[in-house]
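Please open the model in your viewer and keep the sequence panel visible. The tour below proceeds by selection, with a short account of what is found at each stop.

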Amino acid sequence: MQPLNLSRRQMLKSSACGFGYLAMAGLSSEAALKTQSPLQSKAPHFAPRAKRVIFLFMHGGPSQVDTFDYKPRLAKEDGQRLPFKAAKNIEKSSQENLRLMKSPWKFKQRGESGLWISELFDNVAEHADDLCVINSMHTNGQSHGQAVMKLHTGSDSLVRPSVGSWMVYGLGTENNNLPGFISICPSRGHGGVRNFGSAFLPAVYQGTAIGDADTAAREAQIRFLANNASSESQQRKQLGLLQAMNERHLKQVKVDQEIEGVINSYELAFRMQSEVPTLMDLTAETKETHELYGINDKTTEDFGRQCLMARRFAEAGVRYIEVALGNNRWDQHSGLKSGHERNSRMVDKPIAGLLADLKQRGLLEDTLVVWGGEFGRTPIAQGTNGRDHNPQGYSMWLAGAGVKRGHVHGATDEYGYYATRDKVHIHDLHATLLHLMGMDHKRLTYRYAGRDFRLTDIYGEVVHEILTS
């Protein structure tokens, strides 16, 4: 073969596309590396106040007028008719007999801040000076399904990514051997897996469930994590073959989020085998720590285990952790006194233990703890000893990184029915949580179906009044 005699000009002209391909190959390699590690830690939009979130979800809707929203006028006018129009969600059969019902529990001012907290949460009340109580929450959902989805995804009807998925999409994880988002003993109903799903975000950002609400925390596991049939080296070889097959298919189809999700989840699951069992083994904790969380008490053991697991995962670098008292347990349309007392006995000591443990370890400084349900309850009686759903005004509280301590924000009316002052919508809460994590909710977007989506849709304002200066 005769060599080509080319001038410098001819050579550059004929190889111009070649240089372009070299550049493209370099960019593709960088993109490939990023694709291999979609959970890698990412820079926030601005300096964050918090590094992680622990959400304590009270499924069913605890009553604000029986827990954190003290209403002395409600007690004075017990049994009298509601002096204004009830919300639309009250059943027509009940509209003619709207009688106010006082709280069966006593309220006290707690700590140096003087926060009013009922005796249902005597243990949490010991941390009153760390709490930032929002008494003016409101939402759209009238039913549990609507409100739970709204709380978890920002939408009460459409399939949208969950809060935890958005956070991991925006920030990645601090520990490549763990998921960025974990849901401990989640409820199966009222949205189910959608409440920790990634929807149209890449599958790698969805939450990892540990057990479910029908499983005791002692027995809760991540499904299919353990493989006792093969050695680690055998699993590595098997995984290598599967990944090679998946990657070959991915090259053929060019873009396939499900295949990309499978590739990433296989790798993550393999790495998780070495770290997750250790984190879930609570026997490594001291006797004093078990007592702090109430694990040695049959009543508090289950939720105590969940809270202690949450602390261990938070300490290990998981971004977003949800702990649930699930199966709609706070939904007392009747049996309010026995139901709320049973629930508070289950969670009060473990939550107080979690706050104390985080604080003594220095983790409360950069961990945000959020407590609340999908809505509250009405100040009027349903039957003789129950309360109906109340999305018009209810309470949630936050503690830890970036929020004011011993602080109350907003208010409901004198009976605790409608949010009236400094109202905070669920979209506002979501915007504030993202802000505390260093993300602008208007900039955290994902293009899907021809438009940019965000957690707060076209709504939401950061509640700056509850943030530390």
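Two strands are said to pair if DSSP finds at least two bridges between them. The model toured here is predicted.

**First stop: strand S5 and its partners**

Select residues 181-184, which form strand S5. Add residues 208-210, strand S6: the two strands run parallel and are joined by three bridges. Within this pairing, Ile-182 stands opposite Thr-208 of S6. Next, add residues 320-325, strand S7, which pairs with S5 in the parallel sense over four bridges. Here Ser-183 of S5 is located opposite Glu-322.

Now display the side chains of S5. Which residues cover its two faces, and are they buried or exposed? Phe-181 and Ser-183 lie on one side, Ile-182 and Ile-184 lie on the other, and all of these are buried.

**Second stop: the loop after S5**

Move to Cys-185, in the loop between S5 and S6. Its phi is near 50 degrees, a positive value in a residue that is not glycine. Cys-185 counts as buried because its relative accessible area is 2%, and the cut-off for burial is under 20%.

**Third stop: helix H6**

Select residues 163-171, helix H6, and centre the view on Ser-165. The relative accessible area of Ser-165 is 0%, so this residue is buried. Which residues are in contact with Ser-165, once neighbours within four places in sequence are left aside? They are Phe-181, Phe-196, Gly-197, Ser-198, Leu-201, Tyr-205, Gln-206 and Gly-207. One of them, Phe-181, was already displayed as part of S5.

**Fourth stop: Phe-121**

Proceed to Phe-121, in the loop between strand S3 (115-118) and helix H4 (122-125). Phe-121 is buried, with a relative accessible area of 1%. Leaving aside neighbours within four places in sequence, its contacts are Thr-67, Phe-68, Trp-330, Val-347, Asp-348 and Trp-371. Then add Asp-66 and draw a distance between the two C-alpha atoms: Phe-121 and Asp-66 are 9.9 Å apart in space, although 55 residues separate them in sequence.

**Last stop: Asp-422**

Finally, select Asp-422, in the loop that lies between strand S14 (419-421) and strand S15 (424-425). Asp-422 is not a glycine, yet it has a positive phi of about 50 degrees. Is this residue buried, partly exposed or exposed? Its relative accessible area is 42%, so Asp-422 is partly exposed.

Methods. Residues numbered from 1 in each chain as written. Predicted model: local features only at pLDDT ≥ 70, side-chain atom pairs only at ≥ 80, totals over all residues. Heavy atoms only, no water. Buried < 20%, exposed > 50% of the residue type's maximum accessible area, 1.4 Å probe, protein only. Contact = heavy atoms within 4.5 Å.
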